[in-house]
Amino acid sequence: ENLGAVPVLTAKPYGVTKYDHEGFIQDYMARESAADSVRNLSEVKEELRSKRDGIAFGYGSISLTDDQLKAASRDIQRLFDSGKTVMKTVVSFDESYLKENGVIDDDFEFRQKGDYRGNLDQMKLRQAIMKGCDRLGRYYDDLRYIGVIQVDTAHVHCHLAMVDAGEGNLTPDGYQRGKITDAGKKAMRRGIDMSLDEAQRLHQVQSNVAFDRRHALCYIKKFTHKTMEQHGMSQFLMACLPEDKSMWR
């Protein structure tokens with residue numbers, strides 16, 4: 001499906017009775033060689049303790065710890081074992097789309113696989129995907145998901161493992177559907193677009209504030225120089241007078 005610069009979504013149901021979703025999430029989706037984690041100072045200090053902190057997001061959190069990731073993957077495995085359908089979805093992003101929305105810098109040049117690592121605004125993109133999943137969730141009873149943004153290919157993409165913990169959309173034989181509908185895909189794209197667009201507008205507002213600050217500073221400098229020009233001679237004469245004011249006459 002040729003969608004140009006918009007994010008492309010694909011979903012494949014797995015027609016098997018048993019599947020190790022917990023292993024897929026922890027060992028494949030969240031593998032360190034493909035993912036680019038989000039770290040803050042406290043997470044860096046704990047890096048030696050766990051290498052999967054900050055790699056994944058979902059379950060209402062933009063950055064899951066290793067323990068949270070394990071708990072979420074166990075929950076998805078439990079739901080699958082109880083008869084729910086797990087959807088493994090890939091959201092792929094065009095480089096031009098990411099540049100247009102400020103996720104990567106305009107001067108970034110992709111040369112080889114792995115170049116996106118460290119050059120991606122992870123928080124902005126994660127927030128957009130979560131907004132997209134929220135809009136997609138309107139078509140489900142209780143949509144739960146784990147996402148990992150991966151940067152080991154020629155395109156930035158996000159692996160999502162999603163499951164409806166509610167009754168969901170059922171097929172005639174009583175199983176949950178494993179394919180995202182066209183309406184659901186459009187809703188997810190719209191959510192991603194809206195989130196990134198809002199982030200762009202906020203960035204523009206910040207730029208305008210900085211411009212106004214520079215403009216005010218230049219105006220003050222211009223006013224100061226004009227004042228000095230008008231009163232410079234009298235100030236110079238005052239500076240030449242002796243300290244003894246009785247001699248000023």
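Is D66 buried or exposed in terms of its relative accessibility? In this predicted model, D66 counts as buried, because its relative accessibility is 7%, and a residue is called buried when that value is under 20%.

The side chain of D66 takes part in a salt bridge with K70, with a distance of 3.2 Å from N to O, while K70 itself counts as partly exposed at 28% relative accessibility. Both residues belong to helix α3, which spans residues 66-81, and because they are four residues apart there, about one helical turn separates them.

A comparable arrangement can be described for helix α4, residues 95-100, in which K99 and E95 are four residues apart and therefore separated by about one helical turn. These two residues form a salt bridge whose closest N and O atoms lie 3.2 Å apart; K99 is partly exposed, with a relative accessible area of 21%, and E95 likewise counts as partly exposed at 21%.

A further salt bridge joins D142 and R144, of which D142 is partly exposed at 31% relative accessible area and R144 is partly exposed at 24%. This pair also belongs to a network of salt bridges that links D75, R78, D142 and R144.

The pairs described above are set out here with their N to O distances.

| Salt bridge | Distance between N and O |
|---|---|
| K70 and D66 | 3.2 Å |
| K99 and E95 | 3.2 Å |
| D142 and R144 | 3.0 Å |

The structure as a whole holds seven salt bridges, among them the pairs K70 and D66, K99 and E95, and D142 and R144.

Note on methods:
Residues are numbered from 1 along each chain as its sequence is written. This is a predicted model: local features need pLDDT of at least 70, side-chain atom pairs count only at pLDDT 80 or more; totals for chains, interfaces and linings use all residues. Side-chain values use heavy atoms; hydrogens and water are left out. A salt bridge is a side-chain nitrogen of Lys or Arg within 4 Å of a carboxyl oxygen of Asp or Glu. Helices (H or I, at least four residues) and strands (E, at least two) are DSSP runs, numbered from the N terminus. Buried means under 20% relative accessible area, exposed over 50%, partly exposed in between (1.4 Å probe, protein chains only).
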